[in-house]
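User: Got a model open here and want to go through a few spots with you. Can we take it piece by piece?
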Amino acid sequence: MILTWTILSLVIALAAVGYAVRLYQQIMASDPGTEQMQKIAKAIQQGAKAFLNAEYRWLAVFVAVMLVLIGTILSWKTAIAFVCGAFLSATAGYFGMHTATRAAVRTTQAARTGLAGALTIAFRSGTVMGLTVVGFGLSGIAIFILVYGTAPDALDQILGFSFGASSIALFARVGGGIYTKAADVGGDLVGKTEAGIPEDDPRNPATIADNVGDNVGDVAGMGADLFESYVGAILATVVLAGSMHDVAAEHRPALMAYPLALSALGIVASIAGTFRVRTEDENKLGAALFAGLWSASGVLIVVMAIFTAIIAPRLDSSSGPWHIYASMVIGLLLGVIVGKVTEYYTSEKMNPAQEIARQSQSGPATNIIHGLATGMASTWAPVLLICVGVWACAELAGVYGICIAAVGMLSTLGISLGVDAYGPVADNAGGMAEMSHMPPEVRKRTDSLDATGNTTAAIGKGFAIGSAALTALALFHTYKEAAGNVKMDLDNPQVIIGLLIGAMLPFLFSAMAMRAVGRAANRMVDEVRRQFREIPGLLEGKAEPDYARCVGISTEGALREMVAPGLLAVVAPIAVGMIFGRGAAGGLLAGALGSGVMMALFMANAGGAWDNAKKFIEAGNLGGKGGPVHKAAVIGDTVGDPFKDTAGPSINILIKLMSIACVLAVPLFKA
C-alpha cells in the first residue's frame with residue numbers, strides 16, 4: 001500500500017508542477033503594458049534576481065559545510081537528503097519570484113480595463129507559487145521514500161530533507177525580510193512623512209528596492225517558509241507512523257500511506273478550488289479568494305472520506321479510520337478558522353485595524369500603543385482554537401491524530417499559498433501604476449487588490465504558525481522516542497534549564513532580526529535623504545534618483561545580517577543538548593514552542609493590523625493621505641513592518657528547525 005500511494009503521490013505532485021508551468025505560460029501571454037511599465041518591471045526583475053543569486057551563493061557555502069558535517073557525523077544518506085531539501089526549497093522560491101516579477105506588470109496593465117482581469121493574473125501568479133511548493137515538496141518526499149525505503153532508520157535519514165528545507169527557509173525568510181523592510185521603512189519614513197510624496201512615487205530613491213523586496217521577501221521567502229512547513233508536517237507524520245512500536249506491524253503501512261494520500265488529493269482539491277476565484281466587485285475580493293479556499297476544503301473532505309474507507313488506517317480497535325479522518329477534518333477546518341480570526345484582527349474592514357487608525361488622530365504614540373495591544377489580544381483565540389484542536393485529535397487518534405491535523409491544515413496549500421502569494425504581486429502592480437503615472441482608477445483597483453492581499457498574507461502566516469505548533473508537537477514526540485529513557489519532568493533541573501533557554505530564544509531571535517532591519521533601514525534613510533538633498537531637481541521630478549544605490553544597500557544589509565539569526569537556530573539546540581543533556585534539549589523544544597507561538601501570532605497580527613490601519617486612512621477616511629493622521633499611521637506601519645515580514649513569520653521556522661536539529665543530533669547529546 002505504501003508503495004502504491006508513494007508512486008501515485010509522485011505522479012500527482014509532478015502534475016502540479018506541470019500545471020504551474022502552464023499557468024506561468026498563460027501569465028506570460030498577457031499584455032505586459034507600456035514601454036515605461038516594462039522598463040520599471042525590468043529594473044525590479046533584475047534587482048530581485050541579483051539579490052537571490054547573491055543570497056543563494058552564501059547559502060550554497062552553508063549547505064556545502066552542512067553536507068560534510070552531516071555526512072561525517074550522521075550519515076551520507078541524511079546529508080544527501082539535506083542537500084535535496086535545500087535545493088528544492090530554493091528552486092521553488094526562485095521560480096515563484098521569477099513568476100511574480102513578471103506577473104505584476106501584467107496585473108497593472110489588466111487593471112487599466114477592469115478588476116477581474118487583474119485579479120486573475122495576480123492570483124495565477126500566487127497559484128504558480130503554491131503548486132510549485134506542494135509539487136516539489138511532495139515529489140521530493142515520494143522519491144526519497146522510493147529510494148531509501150520505509151524502515152525506521154531510512155525514515156530518520158529522510159528527515160534530512162526536512163532539515164534542508166527548514167535551513168533554507170529560515171535564511172530566506174530572514175534575509176528577504178531584512179531586505180524588504182529596510183527599503184520599505186526607509187522609503188516610507190523619508191518619502192511619506194518627510195517629503196510628503198505618495199507611496200511608490202518614482203521620485204523616491206527607495207521605490208525600486210521596496211518593490212524588489214516584496215518579491216524576495218514576501219514571495220521567495222514566504223514560499224520557502226511554507227515549503228518547509230508542508231514537508232515538515234508530512235515527514236513528521238510518516239516518520240511517526242513508521243516508528244510506532246505500540247501499533248501492530250500490519251497497520252503501519254496504511255498509517256504511513258495516509259498523509260501521502262491526503263497531500264496528493266489536497267493538490268487535486270486545490271486545483272479545483274482555483275476555478276472559483278473570480279469577481280468584478282472590489283468589495284468582494286476577500287470573499288472571492290475565500291470561496292476558492294472553502295471550495296478546495298469541501299472537495300477534499302468529500303474525496304478523503306472515500307479514500308479513508310479504501311486505505312482504512314487504524315491504530316487499534318478503539319481508534320480506527322474514521323477517528324483519523326475526523327482528525328484530518330479538524331486540522332483542515334482549524335486552519336481556515338484561524339485564518340478567519342486573523343482576518344478579523346488585521347483587515348481594514350474590521351474594528352481592530354480601524355480603531356488603530358482612529359487612535360492615530362492623537363499621534364504615532366497612541367497608534368503604536370494600540371497596535372501592540374491589538375497584536376497581544378489577537379493571540380487568545382488562535383491559541384484556544386489550537387488547544388481545542390490538539391485535545392480533540394489526541395482523544396481521537398493520539399499523537400498520530402495531531403500529526404494528521406497538521407497535514408490536513410496544510411493539505412490545500414496549493415490554493416492557500418496562492419491566496420497568500422497573490423498579495424505581493426498586487427502590491428508591486430500598485431507601485432508600477434504609480435511610477436508609470438497611470439490614471440487614478442488604475443491605482444484604485446490595484447490598491448483594493450493590495451489591501452485584500454495584506455489580509456490574506458496575515459492569514460497565510462496564521463496557517464504556518466498553527467501548523468508549526470502541531471508539527472512541533474509531533475517532532476517533540478519523535479525526539480522523545482529517539483532520546484530513549486530520559487526523564488523530561490519539570491522536577492528535572494536539566495529540563496528547567498532547557499525550558500527557560502528555549503523560551504528565551506524566540507525573543508533573542510526576534511531582537512536580532514529587528515535590529516538587523518533597523519540598521520539597514522538607518523542606512524536607507526540616510527541615502528534617501530542624501531539623494532533628495534544632493535540631486536538637483538529630484539523632488540520636482542526633473543531628475544531621476546539613483547535606484548541602484550538603494551538596491552545595493554538593502555542587498556548588502558540583508559546578506560550581512562541574516563547569518564547570525566540563522567546560525568542561532570541550528571547551533572543553540574545542539575549546544576544545549578551537548579552541554580546539558582537530552583533532557584535539557586527536550587525542555588528547550590517545549591519552551592521554544594510555548595513562547596514562539598505567542599510571539600509569532602502577536603508580531604504577525606500586530607504588523608498586519610498596523611498596515612491595514614494605514615490603508616484604511618489612505619482609502620479616504622480620517623483625512624486621507626498626507627495629513628497628520630496618515631503620517632502617524634505610517635510611523636506605526638514602519639514599526640509593524642519587521643514584526644509581520646521579518647521576525648514574526650520566521651519564528652515558526654525557528655521552532656521546527658530546532659526540533660528537527662535535535663532529532664537528528666540526539667546521538668551527540670549527553671545522556
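Analyst: Sure. Keep in mind that this is a predicted model. Let's begin with serine 510, which lies in helix 15, residues 493–534.

User: Is serine 510 buried or exposed?

Analyst: Buried. Its relative accessible area is 2%, and serine 510 counts as buried because the cut-off is under 20%.

User: What is serine 510 in contact with, leaving aside neighbours within four places in sequence?

Analyst: Met599, Met603, Ala647 and Ile651.

User: And how far apart are serine 510 and isoleucine 168?

Analyst: In space, 18 Å from C-alpha to C-alpha. In sequence, serine 510 and isoleucine 168 are 342 residues apart.

User: Switching to empty space. How many cavities of 30 Å³ or more are there?

Analyst: Five. The second largest cavity holds about 80 Å³ of space.

User: Which residues are closest to the centre of that second largest cavity?

Analyst: Gly187, Asp188, Asp200, Asn204 and Asp210. They are among the twelve residues that line the second largest cavity.

User: Which elements give two or more residues to that lining?

Analyst: Helix 5 (152–195) and helix 6 (207–242). Helix 5 has the largest share of the lining, with five residues.

User: Now the surface. Which residues make the nonpolar patch?

Analyst: Val61, Val65, Leu69, Ile73, Leu74, Ile497, Met578, Ile579, Phe580 and Leu668. Together they make a patch of about 820 Å².

User: Which helices supply at least two residues each?

Analyst: Helix 2 (35–73) and helix 17 (563–580). The largest share is from helix 2, at four residues.

User: Where is leucine 668 found?

Analyst: In the segment after helix 19, which spans 628–665. Leucine 668 has 37% relative accessibility, so it counts as partly exposed. That class sits between the buried cut-off of 20% and the exposed cut-off of 50%.

User: Back to the end of helix 2, then. Where does serine 75 lie?

Analyst: Serine 75 is in the loop between helix 2 and helix 3, with helix 3 covering 76–111.

User: Buried or exposed, that serine 75?

Analyst: Buried, at a relative accessible area of 18%. The limit is under 20%, so serine 75 makes the cut.

User: What touches serine 75, apart from neighbours within four places in sequence?

Analyst: Ile70 and Gln157 are in contact with serine 75.

Methods. Residues numbered from 1 in each chain as written. Predicted model: local features only at pLDDT ≥ 70, side-chain atom pairs only at ≥ 80, totals over all residues. Heavy atoms only, no water. Patch = residues over 30% accessible without salt bridge, like charges linked within 9 Å, V, L, I, M, F, W, Y side chains within 5 Å. Areas by Shrake-Rupley, 256 points an atom, 1.4 Å probe, with all protein chains shown as cover. Salt bridge = Lys/Arg side-chain N within 4 Å of Asp/Glu carboxyl O. Buried < 20%, exposed > 50% of the residue type's maximum accessible area, 1.4 Å probe, protein only. Contact = heavy atoms within 4.5 Å. 1 Å grid on protein atoms, 1.4 Å probe; cavity = no way out; pocket = protein on both sides within 12 Å on 5 of 7 lines; lining within 4 Å. Points joined across faces, edges and corners; volume = space filled by probe spheres on them.
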